[in-house]
Amino acid sequence: MTALTAITGARIFDGDLWHEDSALLIEGGKVAAIAALRDVPAEARTVPMDGLSLVPGFIDLQVNGGGGVLLNEQPDVEGIRTICAAHARFGTTALLPTLITDNRAVTAKAVAAGLAAREAAVPGFLGLHLEGPHLSIARKGAHDPALIRPMEEADVERTVAARKGLEALLMTLAPENATNAQIAALHAAGVTVSLGHSDCGYDTASSAVDAGARMMTHLFNAMSQLGNREPGMVGAALDLGHLHAGLIADGFHVHPASIRAALRAKRGPGRIFLVTDAMSTIGTDMTSFFLNGREIFRKDGRLTLADGTLAGADIDMASCIRYMRDVVGIDLEEALRMASLYPAEAIGMTGRKGRLTHGHDADFTAIDVGVNVAATWIGGTPVFAA
């Protein structure tokens with residue numbers, strides 16, 4: 001049996017351009033080429049996907065849960081496997097299961113689970129995102145204030161050790177609860193430091209970026225806003241070119257006019273990219289669930305605490321792309337890049353993820369004209385078919 005597979009019959013978006021009358025050639029879990037149909041080797045195994053579009057698999061750097069599982073409540077390999085499988089149904093081929101602020105014991109279990117998930121090669125598992133506990137209580141959002149605390153040197157040591165066993169490790173922190181020296185140490189060890197849940201001003205954020213911070217977590221939400229005399233975290237995210245910024249495009253977290261303004265204003269090379277901030281509800285009919293002992297309610301597309309505070313999002317990545325195209329009004333191609341190429345850039349994986357070109361991982365999603373997911377492949381292997 002040949003090791004070469006040709007996906008035929010579909011339009012192919014490589015991350016930059018569309019290819020017509022072509023086939024996606026896959027070998028050894030990698031993209032071998034996009035070839036004209038007449039040039040497909042006779043020995044290739046063909047898989048027809050007539051009438052669909054092949055696009056780079058979606059990459060989600062903030063996924064709290066899915067399939068009925070929340071990482072905080074089930075910090076083990078099977079929990080991670082369930083979350084990854086739930087999001088694969090919606091086109092996500094790589095994700096960072098995200099631990100919301102919790103105690104030291106749960107954090108340790110989540111890190112151990114991540115290391116085990118990498119060892120087990122769980123399809124779709126890219127690494128971990130530790131969102132807290134070193135945040136600002138003033139901008140806590142749905143995080144439990146009783147669990148928020150300053151970063152200690154032992155936290156730095158444990159995070160650096162965890163990074164050695166993971167392909168990617170992202171940590172959201174507030175400059176109020178971590179020093180620039182600690183940020184520099186994390187950055188030097190390969191941890192992607194993201195600023196978030198912070199009430200700090202522009203100068204403090206800029207100083208953290210100088211120390212090594214490279215991302216901003218869920219732009220506009222749980223952060224100081226743009227003002228005339230104090231640009232705040234939002235102003236820093238847009239003005240500081242080194243920063244990439246995640247964005248929740250669900251119609252509840254950020255107004256579409258604010259999204260459009262941010263896209264026009266963002267200074268490069270950092271980009272704004274899509275995250276779901278999804279909870280355990282994705283792929284289920286759950287109406288509520290618990291986080292840190294507090295009940296979160298699901299209604300009309302929103303997830304909230306009893307007091308109405310938004311608590312994560314009830315959305316998948318394909319739906320975010322549709323929202324960006326249909327409501328925000330950007331081109332489909334740019335919305336796709338915001339869900340694939342730009343998050344890959346944010347964590348330094350552009351040589352492997354985010355494009356369908358030679359040598360990249362054969363992670364792709366087959367969609368119809370409505371951006372409904374028909375199939376998802378990870379590493380050249382099908383993991384979902386509608």
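Good morning. A residue is called buried when its relative accessible area is under 20%. With that cut-off in hand, let us turn to the structure above, which is a predicted model.

I begin with helix α8. In this helix, Met317, Ala318, Ser319, Cys320, Ile321, Tyr323, Met324 and Val328 are buried. At the N-terminal end, Asp316 acts as a cap: one of its side-chain oxygens lies 3.1 Å from the backbone nitrogen of Ala318. Just beyond the helix comes Gly329, with a positive phi of about 95°.

What does α8 contribute to the largest nonpolar core? That core has 95 residues, and the members that touch the most others are Leu274, Ile321 and Met324. Helix α8, residues 317-328, provides the largest share of the core, with 7 residues. As background, nonpolar side chains in soluble globular proteins tend to be buried together.

Met324 deserves a moment of its own. Setting aside residues up to four places away in sequence, Met324 touches Leu247, Ala249, Ile259, Leu263, Leu274, Gly329, Ile330, Ala335 and Met338. Separate from the largest core lies another core, of 16 residues, including Ala10, Ile26, Val47 and Phe364.

I now move from filled space to empty space. Rolling a probe the size of a water molecule over the atoms shows where such space is left. How many cavities of 30 Å³ or more does a search of the whole structure find? The search finds 2.

The largest cavity holds about 50 Å³ of space. Its lining consists of Pro56, Gly57, Ile59, Thr93, Arg352, Lys353, Gly354, Arg355, Asp361 and Asp363. By type, these lining residues are 2 nonpolar, 3 polar and 5 charged.

The second largest cavity holds about 40 Å³. Around it stand Leu61, Gln62, His129, Leu170, Met215, Met216, Thr217, His218, Gly246, Phe273 and Val275. Three strands, β8 (58-63), β15 (215-216) and β17 (272-275), each give at least two residues to this lining. Here the division is 6 nonpolar, 5 polar and no charged.

One residue of that second lining, His218, leads to our next topic. His218 sits in the loop between β15 and α6 (232-239). Is His218 buried or exposed? His218 counts as buried, because its relative accessibility is 4%, and the cut-off for buried is under 20%. Its side chain makes a polar contact of 3.3 Å with the side chain of Glu131. A further polar contact, of 3.2 Å, links the side chains of His218 and His197. Not counting residues up to four places away in sequence, His218 touches Gln62, Glu131, His197, Met223, Gly246, Ile248 and Asp277.

Glu131 and Gln62 appear again when we look at Thr98, which belongs to strand β11, residues 92-100. Thr98 is buried, at 0% relative accessibility. The side chain of Thr98 reaches the backbone oxygen of Leu96 at 3.0 Å. Leaving aside neighbours within four places in sequence, Thr98 is in contact with Leu61, Gln62, Val63, Asn64, Leu71, Asn72, His129 and Glu131.

For contrast, please find Glu78 in helix α1, residues 77-88. Glu78 counts as partly exposed, because its relative accessibility is 44%. Glu78 is 38 residues from Ala116 in sequence, and their C-alpha atoms are 10.0 Å apart in space.

Finally, I turn to the backbone. Most residues other than glycine have a negative phi, and most peptide bonds are trans. Which residues depart from the negative phi? One of them is His197, whose phi is near 45°. His197 lies in the loop between β14 (192-195) and α5 (202-211), and its relative accessible area of 4% makes it buried. Another is Phe220, with a positive phi of about 85°. Phe220 lies in the loop between β15 and α6, and is buried at 18% relative accessible area.

Where are cis peptide bonds found? One runs from Gly132 to Pro133, with omega near 10°, and Pro133 is in the loop between β12 (127-131) and α3 (153-163). Another runs from Gly268 to Pro269, also with omega near 10°, and Pro269 is in the loop between α7 (256-265) and β17.

Thank you for your attention.

Methods. Residues numbered from 1 in each chain as written. Predicted model: local features only at pLDDT ≥ 70, side-chain atom pairs only at ≥ 80, totals over all residues. Heavy atoms only, no water. 1 Å grid on protein atoms, 1.4 Å probe; cavity = no way out; pocket = protein on both sides within 12 Å on 5 of 7 lines; lining within 4 Å. Points joined across faces, edges and corners; volume = space filled by probe spheres on them. Nonpolar A, V, L, I, M, F, W, Y, C, P; charged D, E, K, R; others polar. Helix = DSSP H or I, 4+ residues; strand = E, 2+ residues; numbered from the N terminus. Core = buried A, V, L, I, M, F, W, Y, C linked by side-chain atoms within 4.5 Å. Buried < 20%, exposed > 50% of the residue type's maximum accessible area, 1.4 Å probe, protein only. Contact = heavy atoms within 4.5 Å. Polar contact = N/O pair within 3.5 Å; in protein donor to acceptor, adjacent residues only side chain to side chain.
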